[in-house]
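Subject: Structure handover

Hello,

Here is the structure you will be taking over. The findings follow below it.

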Amino acid sequence: MHRNFADWYHFVSVRADGPTLVARWRAVESFANGLKLSDVPSLARMFYCRPTPAPFKDGLCDAAKAEDAAFLMENNERELSVLAAGAIAHILSQEPSSRSDAVALGVTCMEAQGLRKTGRIQGIVDEASRYLAKESVRVRTIPGERVNEFDATSFLSQLTAMKTSVPQTDTNALLAGLESACKSLLGSVKSYTESINQALEGVQGGYREQTDIVWWLFSEHTLDGMRAFSEMAVGEACLRGARDLDQLTQILPGPFAAPAFLKKMLRLANAELPGALDIASVIDSCDLKWKRACAESYPVHSAADCCPLLFAVTKSAEAAGGNWGDAFGSETGLHADDKLPPVAWAQQAYLEMLFVRSLKG
């Protein structure tokens, strides 16, 4: 059980004694262990007390009811938020995986750089941020520990045994023993070389990512080379730069220095960045063709409130110059006039793009 699980119940003003907490945590673990990638947006919504699909909600309620017959199946949104927090914490405490990447990115994207005001437990948001920071560094570390040791012990032991147990005149027995020993040796060689190749692939991917990003910044143009960032409004650069960086990212959950890269890119558009921009000005600064291409690359209809910026791009593209703010507000719980610094918008867009990728596994 997470050490803060009881505190989370106090946070939502729900009373739970020791046996109840134990039963609820068993339900959390059972539910979290069966969570699929496609369920991650629903888990983030439940944690933020946002409308959640009934099948997902019923699944968590049934898991809790199976462990404790006293669990209330109705009017339980606050407690479900706590159980969702437990599921998030449990997943993030496991061995890193594509699922834990998606969960951490989903929670962070739903937070929308602090814009979202719905109830949620700050400690879980912090855990998601720490996970992304640590995992961003870990997956890019030279993986010496991932290389298997070459073990010739079994081969040598079999040869030694043959000297004492197999008559030197028995050619067939000698050949059979030698064949077995060689197979053992080949197995060790195969395991050793495969682990080296996997380690090298990871290292090469990390270095390629770093050099590509440096060249992209040095070029001062979009990745396709068609537009100079100096020709763009800052709002347009927030989105186009985020998409370029996403395309250059080789390994999820993205480099730790991504905010610095994005800030450097934005300063190419304007050395003196404005203090804040609203969502509408960021979205409307991009042309319709680009927004349609972006919406096609990052479909977010099933995760609208997890990816508010990408959803705004989609609705703006669908409206083709018309009003998209109302649909955006009703689906995401945010407002088109919400403001953030440009770097925060670029980081939000980048994280949302990574999140959409993470849901593909």
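To start with one residue: at 1% relative accessibility, Gln348 counts as buried, because the cut-off for buried is under 20%. Please keep in mind throughout that this is a predicted model.

Gln348 and its surroundings

Gln348 belongs to helix α16. Leaving out residues up to four places away in sequence, Gln348 touches Thr108, Cys109, Ala112, Gln113, Pro308 and Leu309. With one of these, Gln113, the side chain of Gln348 makes a polar contact of 3.4 Å.

Gln113 itself sits in the loop between α6 (98-111) and α7 (122-138). The relative accessibility of Gln113 is 31%, so Gln113 counts as partly exposed. Gln113 also has a positive phi of about 55°, although it is not a glycine.

Backbone points to check

Most residues other than glycine have a negative phi, and most peptide bonds are trans. Besides Gln113, a positive phi is found at Glu220, where the value is about 65° and the residue is again not a glycine. Glu220 lies in the loop between α9 (171-219) and α10. Its relative accessible area is 41%, so Glu220 is partly exposed.

The peptide bond from Leu252 to Pro253 is cis, with omega near 15°. Pro253 is in the loop between α10 and α11 (258-269).

Helices α10 and α16

How do α10 and α16 cross, left-handed or right-handed? The crossing is right-handed. The axes of α10 (residues 234-248) and α16 (residues 342-358) come within 8 Å and cross at roughly 35°. On the α10 side, the contact is made by Val234, Cys238, Leu239, Ala242, Arg243, Leu245 and Asp246. On the α16 side, the residues are Pro342, Trp345, Ala346, Ala349, Tyr350, Met353, Leu354 and Arg357. Sorted by class, this contact has twelve nonpolar residues, three charged ones and no polar ones.

The loop before α16

Pro341 is in the loop between β2 (339-340) and α16. With a relative accessible area of 40%, Pro341 is partly exposed, because that value falls between the limits of 20% and 50%. Apart from neighbours within four places in sequence, Pro341 is in contact with Gly275 and Ala276. From Pro341 to Asp68 the separation is 273 residues in sequence and 47 Å in space, C-alpha to C-alpha.

Cysteines

How many disulfides does the structure hold? It holds zero disulfides. Cys294 is in none, and the nearest cysteine sulfur, that of Cys286, is 7.9 Å away. Cys307 is in none either; for Cys307 the nearest cysteine sulfur is that of Cys109, 5.4 Å away. A disulfide requires two cysteine sulfur atoms within 2.5 Å, so neither the 7.9 Å from Cys294 to Cys286 nor the 5.4 Å from Cys307 to Cys109 qualifies.

Both cysteines are out of reach of the probe or nearly so by the numbers: Cys294 counts as buried at 1% relative accessibility, and Cys307 counts as buried at 0%. Cys109 appears a second time here, as one of the residues that Gln348 touches.

Regards

Definitions and conventions:
Residues are numbered from 1 along each chain as its sequence is written. This is a predicted model: local features need pLDDT of at least 70, side-chain atom pairs count only at pLDDT 80 or more; totals for chains, interfaces and linings use all residues. Side-chain values use heavy atoms; hydrogens and water are left out. Axes are lines fitted to C-alpha atoms, for helices over the stretch in contact, and angles run from 0 to 180 degrees between N-to-C directions. Helices (H or I, at least four residues) and strands (E, at least two) are DSSP runs, numbered from the N terminus. A crossing is left-handed if the near helix is turned anticlockwise from the far one by less than a right angle, and right-handed if clockwise. Contact means heavy atoms within 4.5 Å. Ala, Val, Leu, Ile, Met, Phe, Trp, Tyr, Cys and Pro count as nonpolar, Asp, Glu, Lys and Arg as charged, and the others, Gly among them, as polar. Buried means under 20% relative accessible area, exposed over 50%, partly exposed in between (1.4 Å probe, protein chains only). A polar contact is a pair of N or O atoms within 3.5 Å; within protein, one must be able to donate a hydrogen and the other to accept it, and residues adjacent in sequence count only if both atoms are side-chain atoms.
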